[in-house]
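Dear colleague,

Please find below the structure that I am handing over to you, followed by a summary of what was found in it.

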Amino acid sequence: MVPVKVLSYNIRSMRDDTDALARVIKACEPDLVLIQEAPRFFRWRKKLARLASASGLVILTGGGTAAGPAILCNLRATVERTEDVLLPLTPGQHRRGFATAVVRLGGARLGVLSCHLSLQEDERYDQAGMLLDRLAGMGVDHVIAGGDLNDRPTGRTFRRLAANLQDCWATSPTGAEHTWTHSEPHQRIDAIFATKGIEVLGCGVPTHLPGITEADMRAATDHLPVLATLGIPAN
């Protein structure tokens, strides 16, 4: 097994305290960061690159080209390919997309997907099906997906994903559960999922790590991050 640390984080277009945001990300020491609500408009690439640099990472893919989802990585990751996917637009709803990549870390080959699903229930459920189809078509044995689902574990979209993938927090809870809101967390709408062959060593809101303070978590954005430590089978 190759150990890999994956962070999923809705950063609200970097409209809050970006220094606090970078400190939280850096303290988690992730290999991969699945971003939601990355900057999408004026100078979005520069803003995302600034966050990546402050966090000790680089941009892998996504951002404006995926309608918000993005993936950052450290230099441990070797990028095999990337693809940003725009989902069908429902009139009256926001455009949604997936940021996807295939990477190698050590001896492991891994598919990665960052998502931010719709606020509208039927559209969200359909997007979960598109997510599962996209993972199945990536041509890799081991895949992770994470993001802001806008749905709780009892919701049918969340349950659709959990029926096909490991819900990492439910598999091996470590740290806090609830991700929304940052000031009064009372529900889990952000999650990381993994295919069955991946070993989940721990997953949750990283309240226990050195360098992470409650003040930074509240100042960084309106969501709390989810950190998963995974064991990926080597090829």
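How much space lies in the largest pocket? Please bear in mind that the model is predicted. The largest pocket holds about 450 Å³ of space. Its lining is made up of 27 residues, and those closest to the centre of the pocket are E37, R40, H94, R96 and H116. By character, the lining of this largest pocket divides into 10 nonpolar, 9 polar and 8 charged residues.

The second largest pocket has a volume of about 200 Å³. Here 14 residues form the lining, and H182, T207, E214, M217 and L224 lie nearest the centre. The lining of the second largest pocket comprises 6 nonpolar, 5 polar and 3 charged residues.

I turn next to helix α4, which covers residues 156–164. Which of its residues are buried? They are T157, F158 and L161. Seen down the axis of α4, these buried residues fall within an arc of 100°, so they line one face of the helix. As general background, an α-helix has 3.6 residues a turn, so residues three or four places apart point the same way. The buried residues of α4 pack against three elements, namely helix α3 (121–136) and the strands β9 (166–167) and β10 (190–194).

One of those buried residues also takes part in an aromatic pair. A search of the whole structure finds 1 such pair. It is formed by F158 and F193 in an edge-to-face arrangement, with 5.5 Å from centre to centre and 65° between the planes. The pair links distant parts of the chain, since F158 belongs to helix α4 and F193 to strand β10, 35 residues apart. Both F158 and F193 are buried.

Is P88 buried or exposed? P88 is exposed, because its relative accessible area is 55%, and a residue counts as exposed when that value is over 50%. P88 sits in the loop between β5 (77–86) and β6 (97–105). Leaving aside residues up to four places away in sequence, P88 touches R95, E123 and M130. From P88 to R160 the separation is 72 residues in sequence and 20 Å in space, C-alpha to C-alpha.

Some points of backbone geometry remain. By way of background, most residues other than glycine have a negative phi, and most peptide bonds are trans. Which form does the peptide bond from W180 to T181 take, cis or trans? This bond is cis, with omega near -5°. T181 lies in the loop between α5 (168–171) and β10.

Positive phi values occur at E29, where phi is near 50°, and at A67, where phi is near 65°; E29 is a residue other than glycine, and so is A67. E29 is placed in the loop between α1 (18–28) and β2 (32–36), while A67 is found in the loop between β3 (58–62) and β4 (70–73). With a relative accessibility of 59%, E29 counts as exposed. A67, by contrast, counts as buried, because its relative accessibility is 14% and the cut-off for a buried residue is under 20%.

Yours sincerely,

A colleague

Conventions
Residues numbered from 1 in each chain as written. Predicted model: local features only at pLDDT ≥ 70, side-chain atom pairs only at ≥ 80, totals over all residues. Heavy atoms only, no water. 1 Å grid on protein atoms, 1.4 Å probe; cavity = no way out; pocket = protein on both sides within 12 Å on 5 of 7 lines; lining within 4 Å. Points joined across faces, edges and corners; volume = space filled by probe spheres on them. Nonpolar A, V, L, I, M, F, W, Y, C, P; charged D, E, K, R; others polar. Buried < 20%, exposed > 50% of the residue type's maximum accessible area, 1.4 Å probe, protein only. Helix = DSSP H or I, 4+ residues; strand = E, 2+ residues; numbered from the N terminus. Arc of directions from axis to C-beta. Contact = heavy atoms within 4.5 Å. Phe/Tyr/Trp six-rings, centres within 6.5 Å; stacked < 30°, edge-to-face > 60°.
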